[in-house]
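Work through the exercises below with the sequence and the model at hand. Each task is followed by a solution in steps.

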Amino acid sequence: MSNPALQSTNSRLWRSTFIVSAMTLLSRIAGLVRDMVFMNLFGAGKLMDAFLVAFKIPNFLRRLFAEGAFSQAFVPVLSDVRAQRGDAAVRQLIDHVAGSLTLIIGSISAVAIVFSPAIIFVFAPGFREDALRFDLAADMLRITFPYLLLISLTAFAGGILNTYGRFGASSFTPVLMNLSMIGCAVWLAPLLTTPIMALAWGVLISGIVQLGFQWWPLRQINLVPRFKPDFKDPDVKRILTLMIPAMFGVSVSQINLLLDTILASFLVAGSVSWLYTAERLTELPLGLIGIAVATVILPTLSTKHAEKSDAEFRGTIDWALKVIVMVGVPASLAMGILAEPLMASLFHHGEFDSNDVVKSAMALQALSGGILAFMLIKVFAPAFYARQDTRTPVRIGIIAMIANMVFNLMLVWHLEHVGLSLASTLSAFLNAGLLYKGL
């Protein structure tokens with residue numbers, strides 16, 4: 001017999017996924033236009049490599065703190081407090097989390113601005129041999145790093161809205177980021193002595209715009225936070241306790257990509273940019289379906305776990321898995337087969353030459369096989385975090401990261417930047433397989 005409650009849940013999941021996917025599609029299209037503008041104006045050389053490293057560091061930490069560990073820890077706790085204790089407790093939790101998050105991330109950002117050269121040395125040690133790339137990356141990092149605080153608060157606001165079933169606003173905000181960066185590249189760059197610095201300012205401006213955009217939807221549900229740090233709040237402690245291991249478990253794929261950047265900094269100029277363009281194209285299906293499904297199911301899984309509705313919890317995972325396989329397999333095949341035509345169509349303009357097209361396409365072919373694995377990780381990990389089990393994904397994440405480094409060192413010497421992409425694919429499948437076994 002059919003389960004009416006499960007059917008209702010699946011119907012709501014389809015509607016929410018459609019909303020998030022539609023907004024994500026707009027964001028990915030805007031992101032592709034952004035990257036086309038960047039490559040057309042600046043090409044895949046030393047200047048672009050320097051910017052991409054300065055952008056990747058706060059962007060990596062964003063996925064670690066904001067979209068990754070924080071969201072996976074905050075949404076289950078918020079859902080639990082809402083289900084068990086009501087609106088007054090929810091408002092108190094939001095106030096305390098907002099203040100505590102701002103204090104932590106703000107302090108990290110201040111330290112990073114002061115010690116930006118040391119951070120560049122850690123994340124792109126190969127740049128040390130090239131004073132232009134190294135100094136430029138350090139200067140741009142001072143501008144881009146405050147983006148981490150702004151986008152963390154944006155993700156915090158998005159977590160609240162998602163918990164209350166309002167997925168549209170939080171899914172649309174990345175569009176504003178891309179539009180801000182395009183505007184700076186086109187109109188601000190010609191006004192600066194070092195034009196590529198405009199891209200760093202675009203990152204910072206986009207954080208301000210995204211955070212401001214989230215405030216009105218929060219006012220509509222009367223949940224605009226008042227910033228009151230309170231690390232003694234038991235629920236804040238619970239979120240921090242869940243965050244620490246989740247920072248690693250949910251972001252292993254991002255850590256792997258960052259490790260690729262470190263090794264790529266030792267390769268020929270342009271390698272970081274070739275990897276970046278390949279990653280951007282794989283993120284199109286990943287964001288459109290994988291992240292959309294993960295965003296939608298986390299609040300549902302958290303609520304079903306709090307309500308002890310085991311059948312609906314399992315049904316939600318089954319539904320997500322079917323959607324991911326249905327889309328992920330064709331997407332992986334299409335990206336692999338059409339890699340070079342896609343790269344040529346999107347980026348072969350201006351400063352991005354035919355050699356850049358070939359090198360980027362080779363990286364995309366190596367990464368395309370991992371699209372399905374990256375999507376599966378986005379579904380399997382929330383199933384653990386919704387039950388506030390952070391240890392299992394962390395243990396699996398450590399295994400996957402070590403495997404990725406082994407694959408990197410085995411492949412990079414012969415395949416160069418393509419070997420780094422292939423290593424990411426292999427470790428992603430290992431990560432997804434172990435998570436599935438754990439479930």
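**Exercise 1. Place I205 and describe its surroundings.**

Solution. Step 1: leaving aside residues up to four places away in sequence, I205 touches S180 and C184, where contact means heavy atoms within 4.5 Å. Step 2: I205 belongs to helix α8; helices (H or I, at least four residues) and strands (E, at least two) are DSSP runs, numbered from the N terminus. Step 3: I205 is partly exposed because its relative accessibility is 37%; buried means under 20% relative accessible area, exposed over 50%, and partly exposed in between (1.4 Å probe, protein chains only). Step 4: Y147 is 58 residues from I205 along the chain, and the C-alpha atoms of the two are separated by 8.2 Å.

The basis of these values should be kept in mind. The model is predicted, with local features needing pLDDT of at least 70 and side-chain atom pairs counted only at pLDDT 80 or more, while totals for chains, interfaces and linings use all residues. Residues are numbered from 1 along each chain as its sequence is written, and side-chain values use heavy atoms, with hydrogens and water left out.

**Exercise 2. How many helices and strands are in the chain, and what share of its residues is buried?**

Solution. Step 1: the chain has 17 helices and 0 strands. Step 2: of its 439 residues, 60% are buried. Step 3: about 17,500 Å² of the chain is exposed, and carbon and sulfur atoms supply 66% of that area; accessible areas come from the Shrake-Rupley method with a 1.4 Å probe, and for residues only the protein chains shown count as cover. Step 4: among contacts in the chain with a separation of 6 or more, 83% are between residues 24 or more positions apart.

**Exercise 3. Which residues have the most contacts inside the largest nonpolar core?**

Solution. Step 1: a nonpolar core is a set of buried Ala, Val, Leu, Ile, Met, Phe, Trp, Tyr and Cys residues joined through side-chain atoms within 4.5 Å. Step 2: the largest one has 125 residues, and F51, M140, F156, I160, I239 and V293 have the most contacts inside it. Step 3: helix α2 (residues 46-85) gives this core its largest share, 17 residues. Step 4: beyond residues up to four places away in sequence, F51 touches F38, M140, M181, I196, L199, A200 and V203.

**Exercise 4. Describe how helices α15 and α17 cross.**

Solution. Step 1: the axes of α15 (residues 371-385) and α17 (residues 417-438) come within 9 Å and cross at roughly 35°. Axes are lines fitted to C-alpha atoms, for helices over the stretch in contact, and angles run from 0 to 180 degrees between N-to-C directions. Step 2: the crossing is left-handed, a term that applies if the near helix is turned anticlockwise from the far one by less than a right angle; clockwise makes it right-handed. Step 3: α15 contributes A373, F374, L376, I377, F380, A381 and F384 to the contact, and α17 contributes S424, A428, F429, N431, A432, L435, Y436 and G438. Step 4: by class, the contact has 12 nonpolar, 3 polar and no charged residues. Here Ala, Val, Leu, Ile, Met, Phe, Trp, Tyr, Cys and Pro count as nonpolar, Asp, Glu, Lys and Arg as charged, and the others, Gly among them, as polar.

**Exercise 5. Are S421 and S427 buried or exposed?**

Solution. Step 1: S421 is in helix α17, and S427 lies in helix α17. Step 2: S421 is buried because its relative accessible area is 1%. Step 3: S427 is buried, with a relative accessible area of 0%. Step 4: S421 touches L275, A363, A366 and L367, not counting residues up to four places away in sequence. Step 5: S427 and A373, 54 residues apart along the chain, have C-alpha atoms separated by 9.1 Å.

**Exercise 6. Where do N222 and E416 lie, and what is the phi of each?**

Solution. Step 1: N222 sits in the loop between α8 (197-220) and α9 (234-249). Step 2: the phi of N222 is positive, near 60°, in a residue other than glycine. Step 3: N222 counts as exposed because its relative accessibility is 53%. Step 4: E416 lies in the loop between α16 (391-415) and α17. Step 5: E416 is not a glycine, yet has a positive phi of about 55°. Step 6: E416 is partly exposed, with a relative accessible area of 40%.
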